[in-house]
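Please look over the sequence and the model shown below before reading on. The report that follows takes up the open and enclosed spaces, the nonpolar cores and one helix in turn.

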Amino acid sequence: MELYLDLHSQPCRSVFMFARAAGIPFEFKLVDLSTGQQYSEEFGKISFVRKVPVMKDGSFVLSESTAILKYLVQKHSSTVADHWFPADLQQRARVNEYLSWQHMNLRAHGSKVFLLRVLFPIMMDAEVPKDKMDAAVEDLNQSLKVLEEKFLQNKPFILGDKISLADLVAIVEIMQPVGTGLDVFASRPKLTAWRERVKKEFGEQLFDEAHELIMKVDALAQKMENNSELEQLKPKFRKVFS
């Protein structure tokens, strides 16, 4: 099995971390987003939408991180613990509920903060307008509030006593703005304690390995500034910021 990944990407980190934690063997295929490798002719033959992650299991190719995660759980059900994506109908529905909610909420808002803080100055040749940045952070805070009050409540994990795919997808999204220097865990003891439980479940070494690049995001900005292909990438990013 091949996994096409760039660990700057939070969905890529979720697939990487789960496969490693579950002991599922795979070949890591780097798709360097900072150089626009996703737009290459070679990668276009693998992914029509030119996004990562992508899984290639024999001749079967699958995109979308949550689809890949569910596929891995179900293919390796004999060795993957049930709590990741429970067979129980209602418990599985709770995981799906979170995964459905997060796309347009925590993921969207955390990604926007990341893009504004890291890529906006490079792609727009200007500082981020304060009102735009403040609005993005406020949206992120509202999503974090929903995560705490609706999904986590007073439980150790989103489903209860056991970790699930919902926790994995949540933590990688939260770490995206954290990598830019925004401490979203400040004044959130409940969320901080949950993060530590999630980190313990994966093991500190794997957790830190997966997030090493995003915690050194200054290097990404410098790499992009020195990229000879930057001018070709700017129009694509400017559509996002417009």
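How much space lies in the largest pocket? In this predicted model, the largest pocket holds about 1,200 Å³ of space. Its lining is made up of 38 residues, and those closest to the centre of the pocket are L33, K51, R107, L115 and F237. Several helices take part, since the elements that give two or more residues to this lining are α1 (10-21), α3 (65-75), α4, α9 (217-225) and α10 (230-241). Helix α4 gives the most to the lining of the largest pocket, with 10 residues.

The model also has a cavity, and by the rule applied here the count comes to one cavity of 30 Å³ or more. The residues that line the largest cavity are Q10, P11, S14, S65, Q102, R107, V169, V172 and E173, and the elements that give two or more residues to that lining are α1, α4 and α6. R107 is thus named among the residues closest to the centre of the largest pocket and also in the lining of the largest cavity. The table sets out the volume and the lining classes of each space.

| Space | Volume | Nonpolar lining | Polar lining | Charged lining |
|---|---|---|---|---|
| Largest pocket | about 1,200 Å³ | 17 residues | 12 residues | nine residues |
| Largest cavity | about 40 Å³ | three residues | four residues | two residues |

Turning to the nonpolar cores, the largest one has 64 residues, of which F18, Y98, L165, I174 and W194 touch the most other members. Helix α6 (residues 165-178) gives the most to this core, with 10 residues. Which residues does I174 touch, not counting those up to four places away in sequence? With those neighbours left out, I174 touches L106, L144, L147, V184, F185, L191 and W194. There is also a second, separate core of 12 residues, which includes L119, I122, I214 and M224.

Helix α5 (residues 130-152) can be followed along its length, for its 23 residues reach 31 Å from the first C-alpha to the last, close to the 33 Å expected at 1.5 Å a residue. The buried residues in α5 are M133, A136, L140, S143, L144, L147, E148, F151 and L152, and two of these, L144 and L147, are touched by I174. What covers the buried residues of α5 includes α4 (89-124), α6 and α7 (189-202). After α5 comes Q153, whose phi is positive, near 55°.

Conventions:
Residues numbered from 1 in each chain as written. Predicted model: local features only at pLDDT ≥ 70, side-chain atom pairs only at ≥ 80, totals over all residues. Heavy atoms only, no water. Core = buried A, V, L, I, M, F, W, Y, C linked by side-chain atoms within 4.5 Å. Buried < 20%, exposed > 50% of the residue type's maximum accessible area, 1.4 Å probe, protein only. Helix = DSSP H or I, 4+ residues; strand = E, 2+ residues; numbered from the N terminus. Contact = heavy atoms within 4.5 Å. Expected span 1.5 Å × (residues − 1). 1 Å grid on protein atoms, 1.4 Å probe; cavity = no way out; pocket = protein on both sides within 12 Å on 5 of 7 lines; lining within 4 Å. Points joined across faces, edges and corners; volume = space filled by probe spheres on them. Nonpolar A, V, L, I, M, F, W, Y, C, P; charged D, E, K, R; others polar.
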